Amino acid sequence: MKYTLGIIGAGKIGEAILAGALAKGLYTPKEVILSVRSELHRQDLERKYGIVATLDNKAVAENSPVILLAVKPKSIVEVLNSISGHLKPGTLLISTAAGVPIDLIEPCVPSFVGVVRTMPNLAVSVGEGMTALSRGRNVSDEGMSLTEGLFGAVGGVVTLDETHMDAVTGLSGSGPAYIYIVIESLADGGVKMGLPRDVAIHLAAQTVLGAAKTVLMTGEHPAKLKDQVTTPAGVTIDGILELEEGGLRVALIKAVVKATERSRQLLHK
Ligand SMILES: NC(=O)c1ccc[n+]([C@@H]2O[C@H](COP(=O)([O-])OP(=O)(O)OC[C@H]3O[C@@H](n4cnc5c(N)ncnc54)[C@H](OP(=O)(O)O)[C@@H]3O)[C@@H](O)[C@H]2O)c1
């Protein structure tokens with residue numbers, strides 16, 4: 001094999017994972033081949049990363065033991081059919097396609113190909129993504145470790161049974177959008193109280209980042225951390241009372257439930 005990693009499709013997700021893997025030194029540019037659809041984009045990617053970029057998906061299939069498949073869900077079957085005859089025994093195929101089950105991918109490729117389904121979010125572009133992995137039938141332990149390492153280079157990773165993928169889509173897949181609204185709303189509150197807009201957004205975003213890091217680094221339940229920063233008869237409890245009255249908790253729970261249900265519908269369309 002001429003390369004160590006092949007990537008088919010380098011849009012928002014594919015390019016972000018490539019950039020993260022190169023930045024973390026998981027692969028050198030010489031070890032990577034990728035394919036896209038447009039010539040201009042191909043040239044741009046070659047210039048930017050010093051990798052080999054092609055318009056020929058078959059070249060990626062023939063020359064890579066690990067292939068990240070990051071094209072749109074509607075293109076998956078067509079791409080798989082075009083590369084299937086060119087895949088080598090032992091190839092690991094990692095799909096990022098939302099809503100495309102392993103059961104749909106495996107029949108399109110030879111049985112010697114291992115398939116991992118992933119659900120990343122767009123924060124992989126800043127190295128703080130959250131990706132869930134589900135293991136297909138023919139994936140070795142090494143294949144799973146390699147996939148964990150690849151996505152670990154661009155954020156958090158969790159391996160789950162595929163039945164949870166819709167809930168993952170509703171929570172961490174869609175979650176960045178929910179939190180952007182939380183940040184925007186906190187900033188609006190600051191602006192209402194006289195803070196300049198840019199300062200308010202900075203305060204809100206850094207506060208969300210800090211709270212998230214505290215949860216991840218201490219491993220404490222969020223309710224305990226909330227109690228720690230809520231002085232009896234202090235300021236924060238008044239803010240919390242407003243949040244409870246406004247139904248923030250219920251709204252967020254329902255957002256995850258609705259988005260999960262929607263993801264399930266997409267899957268069965
Ligand atoms: N964006 C997200 O937040 C997100 C989150 C989770 C999962 N995903 C999944 O990740 C996948 C990619 O999403 P994206 O947002 O990165 O899409 P995107 O920005 O539209 O990128 C798609 C890439 O695929 C390339 N492509 C299209 N048809 C191709 C073909 N036949 N052969 C080779 N390359 C082809 C495109 O090439 P050109 O650039 O040359 O057109 C482009 O680089 C999707 O399946 C999506 O469900 C995305």
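Colleague: How much of the 269-residue protein chain counts as buried?

Modeller: The share is 40% of the 269 residues. Buried means under 20% relative accessible area, exposed means over 50%, and partly exposed lies in between, with a 1.4 Å probe and protein chains only. Please keep in mind that this is a predicted model, in which local features need pLDDT of at least 70 and side-chain atom pairs count only at pLDDT 80 or more, while totals for chains, interfaces and linings use all residues. Residues are numbered from 1 along each chain as its sequence is written, and side-chain values use heavy atoms, with hydrogens and water left out.

Colleague: Why does Thr96 count as buried?

Modeller: Thr96 has 10% relative accessibility, and the limit is under 20%, so Thr96 is buried. This residue is in the loop between β5 (92-95) and α5 (102-105). Helices are DSSP runs of H or I with at least four residues, strands are runs of E with at least two, and both are numbered from the N terminus.

Colleague: What does Thr96 touch beyond its neighbours within four places in sequence?

Modeller: Its contacts include Ile13, Leu68, Thr118, Pro120 and Phe151. Contact here means heavy atoms within 4.5 Å.

Colleague: What makes the pair formed by Thr96 and the ligand a polar contact?

Modeller: An N or O atom in the side chain of Thr96 is 3.0 Å from an oxygen atom of the ligand. A polar contact is a pair of N or O atoms within 3.5 Å; within protein, one must be able to donate a hydrogen and the other to accept it, and residues adjacent in sequence count only if both atoms are side-chain atoms. The Thr96 pair therefore qualifies. Polar backbone atoms also come into play: that of Ile13 is 2.8 Å from a ligand oxygen, and that of Gly11 is 3.1 Å from one.

Colleague: How many residues surround the ligand?

Modeller: There are 23, and the closest are Ile13, Ser38, His41, Val71 and Ala98. A residue is near a molecule or strand if one of its heavy atoms lies within 4 Å of it.

Colleague: Why does Leu266 count as partly exposed?

Modeller: Leu266 has 45% relative accessibility, which falls between the two limits, so partly exposed is the right label. Leu266 lies in helix α12 (residues 248-268). The C-alpha atoms of Leu266 and Val100 are separated by 9.1 Å, although the two residues are 166 apart along the chain.

Colleague: Why does Ala233 count as exposed?

Modeller: Its relative accessibility is 83%, and exposed means being above the upper limit, so Ala233 qualifies. Ala233 sits in the loop between α10 (222-228) and α11 (236-246). Its phi is near 60 degrees, a positive value in a residue other than glycine. Most residues other than glycine have a negative phi.

Colleague: And why does Arg42 count as buried?

Modeller: At 15% relative accessibility, Arg42 is below the buried limit, so the label holds. Arg42 is in helix α2 (residues 39-49), and it touches Val36, Ala53, Thr54 and Leu55, not counting residues up to four places away in sequence.

Colleague: What makes β5 and β6 a pair of strands?

Modeller: Two strands pair if DSSP finds at least two bridges between them. Four bridges join β5 to β6, so they pair, and they run parallel. Ile94 has Val116 of β6 as its bridge partner.

Colleague: Which residue of β7 stands opposite Val116?

Modeller: That is Arg135. β6 and β7 (residues 129-135) run antiparallel and are joined by four bridges. In β6 (residues 114-119), six of the six residues are buried: Gly114, Val116 and Thr118 point one way, while Val115, Arg117 and Met119 point the other way.

Colleague: Why are β3 and β8 called edge strands?

Modeller: The open sheet has eight strands in the order β3-β2-β1-β4-β5-β6-β7-β8, with mixed pairing. Its edge strands, β3 (52-54) and β8 (155-159), each pair on one side only. On the β8 side, five bridges link β7 and β8 in the parallel sense, and Met130 has Gly156 as its bridge partner.
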